[in-house]
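Q: Please take a close look at the salt bridges in this model, and set them against the other side chains for which burial and surroundings are known.

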Amino acid sequence: MIMIFALSVLMAAITVDMVNPVLPLISGHFVASKAQVSWVVSGVALLLAIGVPVYGRLSDFFELKKLFSFAVLILSLGSLICALAPSLPVLVLGRMVQGAGMSAIPVLSIVAISKVLPPGKRGGALGIIAGCIGVGTAGGPILGGAIGQLLGWQSLFWFTFLMSIVIVIGARYALPTIKPAVEAAGRHRKIDLTGGTLLGLTVGLLLFGVTQGETVGFASFSSLGSLLGSLLALIGFIRRIVTVDNPFVPPVLFKNRFYVSSVIVAVFSMFAYFSVLVFVPLLVVEVNGLSPGQAGMILLPGGTAVAILSPFVGRISDRLGTKRLIIAGVTVMGISTLFLSTFASGASPFLVSVGVLGVGIAFALTNSLANNAAISSLKKDQVGVGMGIFQGSLYLGAGAGAGMIGALLSARRDAENSLNPLYMLDAISYSDAFLAATAAVMIALASAFGLRNDS
């Protein structure tokens, strides 16, 4: 079971980021602008943010193995559409279909582990999952650049198509049958589709508004309109969950302060982590003159740290608890992003890679443990929807981080003085960007002290 889930999250993490280095090839192939081709990435992010909480809730109503296999088949269909795409709109459609299937993988993996393994053995399994995510996140751009340059960008989607077929076959034989929560409790199956739609609109319009804000400005009609629509959908969602009998998300989740603290830690630590993954390569290409391939290698120390440390940290947490390790991880992340802001931006690539290594170590100490902390704070019948919201918050943090930090970077492009009073070099906008990431980490750190003391 663990092997299937590990392979699945590895493939999903690679699939998200593998197209980044070949976007210029795709742009040239379809004669498309940078803004147009960016939807090859943004389309997946939108569907992930919407789909993850939906699949988490659906796992309470449908048998997990069947739901997981169905979702991976959707991913394989999306990969096939992308590989055969005759135009950019079809390619974007294929990527969104990929996202619709891919969004099931992280949340259903976590739900299955939480339901099959006892509390004292979850940490190691969650650490393996986090390690695979780290390998895929760091290795996706490297693999995508190498294979895409050698065999063409279409070959990347044939790779994910074949891998998804292998995973579906493996899932049918290796995954256990896990009874849905409503069936186990003997309750009637009834899904609050209205509530799910409002939640999807809230998240989707928020990320679309942030993406448009980065591209055309937050004062634009598309950005302001989307953000307003997200606010209205959120108001409708809140009203829905407190007025219907079986809401899509039980409001009791938001009264659980240990669970809420774990979600806030996840959102803001991912905000900072993903900002580093996105803007460090831009920094070393623009300021240090590295090639895109060399820039990708700057991320390798951080990804390696996540891959090596995550399983080890997960096993330790089964004995020591999660709270102290999470606080240590978030602290290391804050020190690392502050280091990038103060000393590394505009300095040698070696110093940048040191900062990235620190962020990778911090992510290994934070990600799987925050998952474990969230699971431990939930009742058994809340795991599906609770972990759906939790995992969805990770993608929300990642998307918002990339968009908002990107907008700040553009706004500070011509600034003469850094917001960081200790910064003395010339890459002022990047120093400010990593300082903003540090501020996000401080919010995560404050929330980490609100986690349950499980040592």
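A: In this predicted model, aspartate 432 and arginine 412 join their side chains in a salt bridge, with 2.6 Å from N to O. Aspartate 432 belongs to helix α19, while arginine 412 sits in the loop between α18 and α19, so the bridge ties together parts that are 20 residues apart in sequence. Both aspartate 432 and arginine 412 are buried.

The same loop takes part in a second pair. Glutamate 286 and arginine 413 form a salt bridge through their side chains, at 2.8 Å from N to O. This pair links distant parts of the chain, 127 residues apart: glutamate 286 is in helix α13 (residues 257-286), and arginine 413 is in the loop between α18 (383-411) and α19 (428-448). Glutamate 286 has a relative accessibility of 48% and therefore counts as partly exposed. Arginine 413, at 37% relative accessibility, is also partly exposed, whereas arginine 412 is buried.

A further salt bridge joins arginine 57 to aspartate 60, where the closest N and O atoms are 3.0 Å apart. Arginine 57 counts as buried because its relative accessibility is 11%, under the 20% cut-off. Aspartate 60 is buried as well, with a relative accessible area of 1%. Over the whole structure, a search finds 4 salt bridges, including the pairs aspartate 432 with arginine 412, glutamate 286 with arginine 413 and arginine 57 with aspartate 60.

Glutamine 98 provides an uncharged polar residue to set beside these pairs. Glutamine 98 lies in helix α6, which covers residues 88-102. Its relative accessible area is 0%, so glutamine 98 is buried. Apart from neighbours within four places in sequence, glutamine 98 is in contact with Thr15, Leu75, Gly78, Ser79, Cys82, Phe157 and Thr160.

Leucine 232 is a nonpolar residue at the surface. Leucine 232 is found in helix α12 (residues 221-243). With a relative accessible area of 53%, leucine 232 is exposed, because exposed means over 50%. Leu232 is one of the residues that make a nonpolar surface patch of about 650 Å². The others in this patch are Leu228, Leu231, Leu234, Ile235, Ile238 and Val242.

Taken together, buried side chains include glutamine 98 and the salt-bridged aspartate 60, while leucine 232 is exposed.

Methods
Residues are numbered from 1 along each chain as its sequence is written. This is a predicted model: local features need pLDDT of at least 70, side-chain atom pairs count only at pLDDT 80 or more; totals for chains, interfaces and linings use all residues. Side-chain values use heavy atoms; hydrogens and water are left out. Patches are made of residues with over 30% relative accessible area and no salt bridge: like charges are joined within 9 Å, nonpolar side chains (Val, Leu, Ile, Met, Phe, Trp, Tyr) within 5 Å. Accessible areas come from the Shrake-Rupley method with a 1.4 Å probe; for residues, only the protein chains shown count as cover. Helices (H or I, at least four residues) and strands (E, at least two) are DSSP runs, numbered from the N terminus. Buried means under 20% relative accessible area, exposed over 50%, partly exposed in between (1.4 Å probe, protein chains only). Contact means heavy atoms within 4.5 Å.
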